[in-house]
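The following exercises concern the geometry of a two-chain model. Each task is followed by a solution that proceeds step by step.

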Amino acid sequence: MYKIILAFRYLLKRRITYFAVLAVALSVFIVVVVMTVMTGLVNDFKQKNHDFVGDCVVGTESLVGFAYYEDFIQKLESEDFVEGISPVVKSFALKRRRGSGLDDVVEIMGIDPLMHCRATNFGETLYFHRNNVSEMFVPTYDPNLAGCVQGIDLLLYRSADNNYPHEAILDRIGYSISCFPLTARGALAQVGTDIVNTRTFYNSDHSHSGLAKVDGTMVYLPLEQAQWLCGMDGSVKRISAIHIKFKPDVKMETGREKISSLWIDFKQRKADESQAYLLDTVTVQNWKDYKRATIAPMEQEQTVMTVMFAFVGITTVFIIFVVFYMIISHKSKDIGILKSIGVSNFNIVQLFSGFAFLVGFIGSAIGLLAGWLFLLRINRIENWLFEHFRFQLWDRTIYAIGDIPSQVDLKVVIIIFLSAIAACLVGALLPSFQAALQEPVKTLQVGQL
Amino acid sequence: MNQNNAILVSEGIHKSYRMGAMEVRVLKGVNLTVKKGEFIAIVGASGSGKSTLLHILGALDKPDKGIVRFEKQNLSSFNSGELNEFRNKMVGFVFQFYHLLDELSVLENVYLPAMASKSVLGWLAYRGRAKKRAGEILGELGLSERAGHKPYQLSGGERQRVAIGRALMNEPKLLLADEPTGNLDSATGNGILETLEKLNRAGQTIVMVTHDDRIARRAGRTVTLADGKIKD
């Protein structure tokens with residue numbers, strides 16, 4: 001009991017311990033805030049990619065695409081673990097606004113509106129047709145025109161205060177989209193003056209996926225139109241990928257393995273077909289692997305950040321070590337007194353470890369509370385700074401970030417809390433052992449007073 | 001000397017210290033027997049090894065050579081746990097500079113040895129009795145009014161009486177006092193000696209170290225430590 005009482009009294013009476021508590025609180029505050037924001041950004045980014053892709057993709061990187069997809073889709077439709085299937089054409093194109101002399105390089109994505117919105121969350125990204133996705137390629141100003149959906153950043157500029165200047169009705173603007181159609185062997189399908197396929201589309205909607213690259217480069221077209229533009233509409237039609245959504249109770253990897261096994265079987269059955277060679281380039285990937293190139297750098301940044309905070313942890317350990325070394329140097333008389341009344345070395349270690357635990361516990365609690373309160377108001381603080389000083393953590397005209405993530409993850413909080421206490425215990429361990437090994441006769445000598 | 005009635009016996013105690021390159025032999029074969037209920041004063045010049053001897057007798061320090069027997073038990077055969085229990089239950093130390101814990105109140109300082117010997121649950125069960133006994137001790141020492149004060153709020157004499165109270169808390173068989181009046185004026189020191197005499201009359205065995213012959217004369221027996229040996 002004396003250990004608890006003395007640990008508390010040392011904490012309250014020694015001003016230097018306030019600095020130790022403050023150091024722990026500051027470290028915890030910084031780690032909680034930055035980890036929450038960073039983890040929030042990474043999770044948000046992953047979720048947006050997941051929403052955009054669906055759960056699984058059977059596809060090829062080749063611009064030629066692959067054939068016989070309709071048979072495979074038919075097979076998938078009979079599987080009870082599959083909820084949505086969407087055939088997709090992906091390629092690059094030149095986009096020219098009617099009346100303009102400039103071409104922009106864009107990516108095109110040919111989709112079937114209903115199928116794609118069932119396999120992905122694409123419907124949620126639309127502005128005008130969110131509740132009527134089947135009409136997404138029908139311009140409201142003239143339903144007879146061929147429509148296209150463009151990534152929002154191709155049409156609108158986001159203001160610094162994170163808003164797009166949406167208008168009630170889209171302007172009637174035509175865009176000519178040109179592609180180089182390819183044969184199944186990868187050669188140009190047309191020669192001479194008709195080397196490209198061009199067709200005019202009119203704005204029917206815009207899509208805001210929250211993914212900067214997608215929103216800044218992607219033009220969505222009806223599947224058949226995209227197939228024609230890319231030369232994939234021959235007697236044996238081709239596509240680039242099939243996006244698949246699993247039923248909610250299906251685990252991601254289990255679903256992918258089942259699709260993979262179905263694909264292997266399908267490929268064997270099609271081995272004798274004329275364009276069977278195109279199936280060799282097709283892979284079956286879950287959404288994470290499919291978007292690995294995009295997600296990996298962000299995860300790497302998160303890892304680097306975690307390593308940097310490990311250094312913050314080491315600094316905290318060192319601060320605690322110095323503080324405890326100083327405290328114990330001043331408390332050598334107390335250690336001698338305690339030993340003279342029969343207190344064991346182990347109990348001395350326990351006493352100072354308990355003291356360190358209190359410093360860690362209180363410091364972490366203060367840091368977590370302050371961090372939580374700060375995160376609750378982080379967006380308001382940023383807005384206020386922007387209104388008064390035009391300061392933003394991320395320039396919204398450049399970064400595809402909406403609100404700063406402020407959702408504190410309980411698991412992260414628990415890890416930080418326990419790590420801070422552990423850091424204090426580690427920092428106090430050596431001085432505590434040093435204290436325990438002090439000889440009472442030396443500490444009680446007149447010269448030591 | 002008849003050793004049947006002895007509570008503490010030291011035989012051939014040697015102790016030396018290293019000061020730089022030099023070895024200083026402080027104790028060179030000290031033999032001392034302390035009988036139950038005795039009040040012994042160990043006198044000697046400054047640096048003669050009085051405090052060192054007292055620390056060895058109370059198991060705060062270990063001799064290089066020789067044996068200390070407490071109630072016929074050889075202290076050098078004790079393991080560290082037994083030594084801690086010996087220091088907690090069998091002996092009480094009173095130091096020249098009181099050595100009280102500033103973070104604790106007077107009452108807490110007095111019952112600290114009782115608290116140190118109990119687990120948290122054990123202490124919660126025993127706390128009432130310990131506080132009562134500590135209160136009684138403070139009453140006997142004339143410090144009832146000071147129970148809630150902190151050591152730095154007391155005079156030197158009061159602090160030393162608190163230190164005596166702490167030493168007596170677990171009713172030790174042996175009280176070891178190292179220059180208990182060395183830091184006090186003569187009137188206050190006299191009060192402390194009266195307290196020790198009173199305790200001795202009540203049956204408490206006391207070994208006191210002092211360099212002052214006049215103070216030593218207040219004890220029942222005086223032994224002199226010179227050249228590292230006892231000269232009766």
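The model is predicted.

**Exercise 1. State what separates the centres of the two domains of chain A, and give the extent of each domain.**

Solution. The centres of domain 1 of chain A and domain 2 of chain A, taken over C-alpha atoms, are separated by 51 Å. Domain 1 comprises 2–46 + 295–448, whereas domain 2 covers 61–281.

**Exercise 2. Describe how helices α2(A) and α14(A) pack.**

Solution. Step one concerns angle and distance: helix α2 (residues 15–53) of chain A packs on α14(A) at about 150°, and the axes lie 10 Å apart. Step two classifies the angle: since angles over 145 degrees count as roughly antiparallel, α2(A) is roughly antiparallel to α14(A). Step three gives the handedness, as the crossing of these two helices is right-handed. Step four identifies the residues that meet: α2(A) contributes V24(A), S27(A), V28(A), V31(A), V32(A), M35(A), T36(A) and T39(A), and α14(A) contributes V412(A), V413(A), I416(A), A420(A) and C424(A).

**Exercise 3. Determine whether I415(A) is buried, exposed or partly exposed.**

Solution. I415(A) is placed in helix α14 (residues 410–436) of chain A. Within 10 Å there are 13 other C-beta atoms; burial requires 20 or more and exposure 12 or fewer, so I415(A) is partly exposed.

**Exercise 4. Check the length of helix α13 of chain A against expectation, and characterise the residue just after this helix.**

Solution. Helix α13 (residues 378–389) has 12 residues, which at 1.5 Å a residue should span 16 Å. Its end C-alpha atoms are 16 Å apart, in agreement with that expectation. Just after α13(A), R390(A) adopts a positive phi of about 55°. The C-alpha atom of R390(A) is separated by 35 Å from that of I415(A), 25 residues apart along the chain.

**Exercise 5. Compare the settings of A59(B) and E171(B): which is buried and which is exposed?**

Solution. Most residues other than glycine have a negative phi. A59(B), although not a glycine, has a positive phi of about 60°, and phi of E171(B) is likewise positive, near 50°. A59(B) is found in the loop between α1 (50–57) and β4 (65–70) of chain B; with 21 C-beta neighbours inside 10 Å, A59(B) counts as buried. E171(B) occupies the loop between α5 (156–168) and β7 (174–178) of chain B; with 11 such neighbours, E171(B) counts as exposed.

**Exercise 6. How many residues does each chain bring to the contact, and which helix of chain B supplies the largest share of its side?**

Solution. Chain B brings 23 residues and chain A brings 19 residues. On the side of chain B that touches chain A, α2 (80–89), α3 (106–116) and α4 (120–140) each supply at least two residues. The largest share, six residues, comes from α2(B).

Notes. Residues numbered from 1 in each chain as written. Chains lettered and ligands numbered in written order. Predicted model: local features only at pLDDT ≥ 70, side-chain atom pairs only at ≥ 80, totals over all residues. Helix = DSSP H or I, 4+ residues; strand = E, 2+ residues; numbered from the N terminus. Expected span 1.5 Å × (residues − 1). Domains from an automatic or database assignment. Axes fitted to C-alpha atoms, helices over the stretch in contact; angles between N-to-C directions. Parallel < 35°, antiparallel > 145°, perpendicular 65-115°, else oblique. Left-handed = near helix turned anticlockwise from the far one by under 90°. Contact = placed C-beta atoms within 7 Å.
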